[in-house]
Amino acid sequence: ITVHVVYLNKKNLKHTEFANKSIQELFPDMKKSFVLRGNYFKSAIAINGGNGQFRMEALPNDAQLSCVCDIYCTDLNEDGAIDIMMGGNFNGFQPQYSKLDASFGQVLLNDGKGAFQTMKSEESGYFVRGDVKYILPIKVNNQEHLLTILNNKTPELFKK
């Protein structure tokens, strides 16, 4: 992902000017800034325990293979617990940074206590190649389906 800071572009018209400056020269107001540190990098859900209390629950390892771009929550197996259908991938990085493309979509079944188990794609029927952008519920002939919108590809339709 390329981050554009207009302020830097206006003050550094040539790449050589930018490359030869220190971080302090590029951002003279850094003393006014604050530092945030990340310490949790797994794809996870936050379970609402009530009274403003949430517990983080990491999703299964299969959900950690790529970025997550959309999640659709519904009771897929009709057991009364909300399950997760998700997809991701991102191929928009510059070539030297590779790409995130290890996801083929996941169906995660809720055990009723907030823990999720991956359903194999052979069993769920959900297998998607490409950059998933949206997973949308639609009705076709009065039956519920899930439409997966992919970047630069034909959408794929899955029966719920």
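User: Is F90 buried, exposed or partly exposed?
Analyst: This is a predicted model. In it F90 counts as partly exposed, at 23% relative accessibility.

User: What about F93?
Analyst: F93 also counts as partly exposed, at 24% relative accessibility. The cut-off for buried is under 20% relative accessible area.

User: How are the rings of F90 and F93 placed?
Analyst: Their centres are 5.0 Å apart and their planes stand at 80 degrees, so the pair is edge-to-face. An angle over 60 degrees counts as edge-to-face.

User: How many aromatic pairs are there?
Analyst: The count comes to three. One of them joins F104 and F127, with ring centres 4.8 Å apart and planes at 10 degrees, so this pair is stacked.

User: Where do F104 and F127 lie?
Analyst: F104 is in the loop between β4 (83-88) and β5 (106-110), and F127 is in the loop between α4 (121-124) and β7. The pair therefore ties together parts that are 23 residues apart in sequence.

User: And F104, buried or exposed?
Analyst: In between: F104 is partly exposed, with a relative accessible area of 30%. F127 counts as partly exposed too, at 36% relative accessibility.

User: Switching to the sheet. What is the strand order?
Analyst: The order is β7-β8-β9, in an open sheet of three strands with antiparallel pairing. β7 (132-140) and β9 (156-159) stand at the edges with a single partner strand each, so one side of each has no neighbour in the sheet. From one strand to the next, the twist averages 25 degrees.

User: How many bridges hold β7 and β8?
Analyst: β7 and β8 pair over eight bridges, in the antiparallel sense. Within that region, K139 stands opposite E144 in β8.

User: And how many for β8 and β9?
Analyst: Four bridges, again antiparallel, with β8 covering residues 143-150. L146 has F158 in β9 as its bridge partner.

User: What is in the turns?
Analyst: The hairpin of β7 and β8 has two residues between the strands, and N141 takes a positive phi near 50 degrees there. In the hairpin of β8 and β9 there are five residues between the strands, and N152 takes a positive phi near 60 degrees.

User: Which residues make up the largest nonpolar core?
Analyst: There are 10 residues in it: Y72, M85, V107, Y126, V128, V132, I135, L146, L150 and F158. At least two residues come from each of β7 and β8. L146 and F158, the bridge partners mentioned above, are both members of this core.

User: What does L150 touch?
Analyst: Leaving aside neighbours within four places in sequence, L150 is in contact with V128, R129, G130, D131, V132 and E156. Of those contacts, V128 and V132 belong to the largest nonpolar core along with L150. Another core, of seven residues, lies apart from that one and has I45, A63, I84 and L108 among its members.

User: Last topic, cysteines. How many disulfides are there?
Analyst: Zero, in a search of the whole structure.

User: Why is C69 not bonded to C67?
Analyst: The sulfur of C67 is the closest cysteine sulfur to that of C69, but at 3.8 Å it is too far for a bond. The cut-off for a disulfide is 2.5 Å. C69 counts as partly exposed, at 31% relative accessibility.

User: And C73, how far is the nearest cysteine sulfur?
Analyst: It is 15 Å away, in C69, and C73 is in no disulfide. C73 counts as partly exposed, at 45% relative accessibility.

Conventions: Residues numbered from 1 in each chain as written. Predicted model: local features only at pLDDT ≥ 70, side-chain atom pairs only at ≥ 80, totals over all residues. Heavy atoms only, no water. Pairing = 2+ DSSP bridges. Axes fitted to C-alpha atoms, helices over the stretch in contact; angles between N-to-C directions. Core = buried A, V, L, I, M, F, W, Y, C linked by side-chain atoms within 4.5 Å. Buried < 20%, exposed > 50% of the residue type's maximum accessible area, 1.4 Å probe, protein only. Contact = heavy atoms within 4.5 Å. Phe/Tyr/Trp six-rings, centres within 6.5 Å; stacked < 30°, edge-to-face > 60°.
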